[in-house]
Amino acid sequence: SRGERALAFLGFRELRPGLALRPDNLAGGVAGARERLLELGLERRAEVTGLHALAAETARHAAALWDTAGLRLAYRRTIVELERSERRLATLPREDAMRESFLLGGRAIRQIVFDPRLPDPLVPTHERRALVEATLRYDRAGRACWASFMRDMGAVPGATPAHLRFGGSGTPSGDALAEGT
């Protein structure tokens, strides 16, 4: 459903049937998450609220809802792929460099967009930041691969944003946002 996709997009996980949650570290807190979830298609009747002071066992279960080791490994793997490809791009024929930068850069951007943006107690934010920085560097290298092609096509240099925005890393509060249906 659209509501399930909205919850997944913002990094919510189901604690038990009808109760999805995530750490309360998104910009705008509960109110901002509620607004964004509704924009993304969450049913208006769904309750979006904050949970505080979870029982220790519930908090441990909640923290285990995300594959944090998998997220961290994926960050490292993507950074290595970006760095290897960045070194190789200048040596490839233009079309090959364009293809590789488009595909790999797109995968890295998708990884960032769909990242659950978990706070430091779950995933060190400096690791996610390293992925974003590597992606920004790669974006510059990729743009250089495309520059001559774009000029040949009559495109205006610099007509698109030259950087990504990555927000919502916030600071951990120990609280959780919850949605019950």
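**Strand pairing, helix packing and salt bridges in a predicted model**

In the predicted model described here, Arg16 stands opposite Leu19 of strand S2. This pair belongs to the contact between strand S1, which comprises residues 13-16, and S2, the two strands running antiparallel and being joined by 3 bridges. The hairpin that S1 and S2 make has 2 residues between the strands, and within this hairpin Gly18 takes a positive phi near 85°. Strand S2 covers residues 19-23, and because 5 of its 5 residues are buried, this strand is largely enclosed by the rest of the structure.

The hairpin is part of a chain whose secondary structure comes to 6 helices and 4 strands, and these elements follow one another along the sequence in the pattern α-β-β-α-β-α-α-α-α-β. Of the 181 residues of the protein chain, 36% count as buried. The protein chain exposes about 10600 Å², of which 55% is supplied by carbon and sulfur atoms. When contacts with a separation of 6 or more are considered, residues 24 or more positions apart account for 80% of them.

Among the helices, H5 can be described in some detail. Helix H5 has 20 residues and reaches 28 Å from its first C-alpha to its last, a span close to the 28 Å expected at 1.5 Å a residue. The buried residues of H5 are Ala97, Met98, Glu100, Ser101, Leu104, Gly105, Ala108, Gln111 and Ile112, and what covers them includes helix H4, spanning residues 68-89, together with helix H6. Ile109 is also found in H5, which runs over residues 94-113, but this residue is partly exposed, with a relative accessible area of 33%. Together with Val113 and Phe114, Ile109 forms a nonpolar patch on the surface, and the accessible area of these three residues together is about 230 Å².

A further view of the helix packing is offered by Gly142, whose place is in helix H6. Gly142 is buried, with a relative accessible area of 9%, and, when its neighbours within four places in sequence are left aside, this glycine is in contact with Leu89 and Ser101. Ser101 is itself one of the buried residues of H5. The C-alpha atoms of Gly142 and Ser85 are separated by 9.7 Å, although these two residues are 57 residues apart along the chain.

The structure holds 10 salt bridges, including one between Arg137 and Glu83, in which the closest N and O atoms are 3.9 Å apart. Because Arg137 lies in helix H6 and Glu83 in helix H4, the pair ties together parts that are 54 residues apart in sequence. Both ends of this salt bridge have some access to the surroundings of the chain in the computed areas: Arg137 is partly exposed, with a relative accessible area of 32%, and Glu83 counts as partly exposed at 32% relative accessibility.

A second group of charged residues is centred in this account on Arg94, which forms a salt bridge with Asp152 in which the closest N and O atoms are 3.0 Å apart. Since Arg94 lies in helix H5 and Asp152 in helix H6, this pair ties together parts that are 58 residues apart in sequence. Arg94 also forms a salt bridge with Glu95, with the closest N and O atoms 3.8 Å apart, and Arg94, Glu95 and Asp152 are thereby linked in a network of salt bridges. Within the network, Arg94 is partly exposed, with a relative accessible area of 28%, and Glu95 is likewise partly exposed, at 48%, whereas Asp152 is exposed, with a relative accessible area of 53%.

Two loop residues, finally, show positive phi values without being glycines. Phi of Ala53 is near 55°, and this alanine is placed in the loop between strand S3, residues 47-51, and helix H3, residues 56-63. Arg117 has a positive phi of about 50°, and its place is in the loop between H5 and helix H6, the latter spanning residues 125-152. The surroundings of the two residues are described by contrasting terms, for Ala53 counts as exposed at 77% relative accessibility, whereas Arg117 is buried, with a relative accessible area of 10%.

Technical notes
Residues numbered from 1 in each chain as written. Predicted model: local features only at pLDDT ≥ 70, side-chain atom pairs only at ≥ 80, totals over all residues. Heavy atoms only, no water. Patch = residues over 30% accessible without salt bridge, like charges linked within 9 Å, V, L, I, M, F, W, Y side chains within 5 Å. Areas by Shrake-Rupley, 256 points an atom, 1.4 Å probe, with all protein chains shown as cover. Salt bridge = Lys/Arg side-chain N within 4 Å of Asp/Glu carboxyl O. Buried < 20%, exposed > 50% of the residue type's maximum accessible area, 1.4 Å probe, protein only. Expected span 1.5 Å × (residues − 1). Contact = heavy atoms within 4.5 Å. Pairing = 2+ DSSP bridges.
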